[in-house]
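Trainee: Hey, got a minute? I'd like to go through this structure with you, bit by bit.
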Amino acid sequence: MSAPLLELDKVTIRFGGLTAVSELTTSVGEGELVGLIGPNGAGKTTAFNLITGVYRPTSGSIQFAGKSTFGIKPSKLASVGIARTFQNIRLFGSLSVLDNIRVAKQLHSGEGYLSALWRGKGFKQNESTIEKESLELLKIFNLAKFRDEMATSLPYGDQRRLEIVRALATKPKLLLLDEPAAGMNPSEKDDLMHLIRSIKERFNLAVLLVEHDMKVVMGICQKIAVLEYGRKIAEGTPKEIQCHPKVIEAYLGAAATPIEPAHA
Amino acid sequence: MPLSGAKRWLIVGIALAVLASLGSGYMNRYYLGIANDVGIAIILATSLNLINGHTGQFSLGHAGFMAVGGYFAAWLSLKIGASFSPQTAKAMFPLSLLAGGLFAALIGLLVGVPSLRLKGDYLAIVTLGFGEIIRVVAQNTEAVGAASGLKGIPQYTTLGWTFGLAAVTVYCVTSIVNSTYGRGFLAVHDDEIAAESSGISTTRYKVVAFVTGAFFAGVAGGLYAHHKQFLSPTGFDWIKSIEIVVMVILGGMGRTVGVIAAAILLTLLPEFLREFSEYRMIIYALMIIFLMLLRPGGLFVFKTKRRPTA
């Protein structure tokens, strides 16, 4: 087996006296769909911020596609193929839906300051190609009809999807989704599961998913890592995780007497 | 070569400016002076709008960049221009304007790289401090007249230059912003963390906005110097910076048309209020307060829906 796409080796980060993530070791293979779960405050989003370069680990190393990501800025990591969404949606509020995608497309457009000033023939061709590609992306997600609406005026669920589309526009190899199902109703969650699966196949990328909704996580992930107080307490297939005693303890509290693992 | 919409407007703007300039011999000197002030204000406000409005970086140092460009261009005209014939010296005016702008841009780069790590209020304070440093340096530099000011600058500025360059400034700022690349400025304004994760180098964008803004402020400074024929350090204090910021806020952050209109209005207003003599500035301030209360989103909010680039 070749080296995994993303590899975390004993990654630790401390904020003052608080160790938010402690010796986290895990990996995401190419095209793999991995879930990261844990109770509130377990360090899941912090792990995302470490992977995307927002934070630097206090110790340990993170490798993406065989290269260390230490000290590399998030924008640079985006250009090598790490894209993400946010727990609390972060769209560009003063831009239209289409422009939210276009702005992410500029990463690989090779366009710049001078060509925008000169507005020559190549620039216009480039602009119309970008617009066409952005629209195609929006069409896949049924968002093309909103192209000229302001991004933050969309319904909640559409904003979540738009954020995913924006992440995809940077042509990632690894997509990090931070609680994509938050605030969705059961049927929207079903749609989301289909969406994530189809994104993975269609765009041929690996997905790392932080999610509270067990149905979603268990339903689509090939591998799940469980965090509690910044430590990984378990890792395995959804089946293994469901009956892992430590996981049950983390979520439900320790039993006074040992009980049979539940059969889900 | 067929010209695109934006370029056509640029040509029209410059042509009109040159036409107005040819007719300026028939104009009252007082009105002519105010017209030039208006053109310079448009350049200043539009360029600051790129930094404060579109990119959302609150700078209070625009008068500083204006001073850098103004002093440098004036100094070039006086020192270098003296060794040429008057005609040649006048022909070199655009070069000294350009040099003033480039020098201001260089200073903008030096100030911007360290200070743009700061956000909001902190950045405002740093740029404010920078503006004061420039003023104090000018005040103590004998080569540019120190506290008594730089006198005898040749009068090269015409309506053609001010409004022609105002058209160039508006063209440049709108062209940059209305492109896929330029959407990055707005993205930085909206959400820096999301911008970074979408592959937009926020530091780079901020510095580019800062340097571009400084360049045009420097050019405006050069026009100002060759218009007033006299530069005094006190003319570039922080109140001047605030004036430009007020134009941007009143016009609507990031709204080019509104900002241009506000630049015109705020330059003309004190002139219209002359008859109120000592109450002039009170009325001026009150009008700004009322306008702000009535139109908080920008005085002339023409619905500028952001279209895909033309």
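Mentor: Sure, and keep in mind that this is a predicted model. Let's start with one pair: A:Gln63 has A:Ser68, in strand 5 of chain A, as its bridge partner.

Trainee: How many bridges join strand 4 to strand 5 of chain A?
Mentor: There are 2 bridges, and the two strands run antiparallel. Strand 4 covers residues 59–64.

Trainee: And what's the order of the strands in that open sheet?
Mentor: In chain A it goes 2-1-4-5, so to speak, with antiparallel pairing of the 4 strands. The edges are strand 2 (18–28) and strand 5 (67–68) of chain A, each pairing on one side only.

Trainee: What about strand 1 and strand 2 of chain A, how many bridges do they pair over?
Mentor: They pair over 7 bridges, in the antiparallel sense. At the residue level, A:Phe15 stands opposite A:Leu18 of strand 2 of chain A. The hairpin made by strand 1 and strand 2 of chain A has 2 residues between the strands, and A:Gly16 takes a positive phi near 60° there.

Trainee: Which helix lies across strand 1, strand 2 and strand 4 of chain A?
Mentor: That's helix 1 of chain A, residues 44–51. Helix 1 runs at about 65° to strand 2 of chain A.

Trainee: Okay, next sheet. What's the strand order in the open sheet with 6 strands?
Mentor: In chain A the order is 6-7-8-3-9-10, and the pairing is mixed. Strand 6 and strand 10 (231–236) of chain A are the edge strands. On average, neighbouring strands of this sheet are turned by 20° against each other, ignoring direction.

Trainee: Do strand 7 and strand 8 of chain A run parallel or antiparallel?
Mentor: Parallel, with 5 bridges joining strand 7 (residues 174–178) to strand 8 (residues 206–210) of chain A. A:Leu176 stands opposite A:Leu208 of strand 8 of chain A. If you look at strand 9 (223–228) and strand 10 of chain A, you'll find helix 10 (residues 245–252) of chain A lying across them. Helix 10 runs at about 130° to strand 10 of chain A.

Trainee: Switching topic: where are the domains of chain A?
Mentor: The domain assignment gives domain 1 as 1–81 + 172–264 and domain 2 as 94–165. In their contact, domain 1 of chain A gives 6 residues and domain 2 of chain A gives 5 residues. The domain 1 side of that contact has 3 nonpolar, 2 polar and 1 charged.

Trainee: And how many residues does each chain bring to the contact of chain A with chain B?
Mentor: Chain A brings 35 residues and chain B brings 29 residues. Helix 3 of chain A supplies the largest share of the chain A side, 6 residues. By class, that side has 14 nonpolar, 10 polar and 11 charged residues.

Trainee: Now chain B. Why does the length of helix 12 of chain B agree with what it should span?
Mentor: Helix 12 (residues 256–272) of chain B has 17 residues, which at 1.5 Å a residue should span 24 Å, and its end C-alpha atoms are 24 Å apart. Its buried residues pack against helix 2 (29–54), helix 7 (159–177) and helix 11 (238–251) of chain B. Among them are B:Val259, B:Ile260 and B:Leu266.

Trainee: Why does B:Val257 count as partly exposed?
Mentor: Because B:Val257 has 16 C-beta neighbours inside 10 Å, whereas buried takes 20 or more and exposed 12 or fewer. B:Val257 is in helix 12 of chain B too.

Conventions:
Residues are numbered from 1 along each chain as its sequence is written. Chains are lettered from A and ligands numbered from 1 in the order in which they are written. This is a predicted model: local features need pLDDT of at least 70, side-chain atom pairs count only at pLDDT 80 or more; totals for chains, interfaces and linings use all residues. Two strands pair if DSSP finds at least two bridges between them. Two residues are in contact if their C-beta atoms, placed from the backbone, lie within 7 Å. Axes are lines fitted to C-alpha atoms, for helices over the stretch in contact, and angles run from 0 to 180 degrees between N-to-C directions. The expected span of a helix is 1.5 Å times one less than its number of residues. Domain bounds come from an automatic or database domain assignment. Ala, Val, Leu, Ile, Met, Phe, Trp, Tyr, Cys and Pro count as nonpolar, Asp, Glu, Lys and Arg as charged, and the others, Gly among them, as polar.
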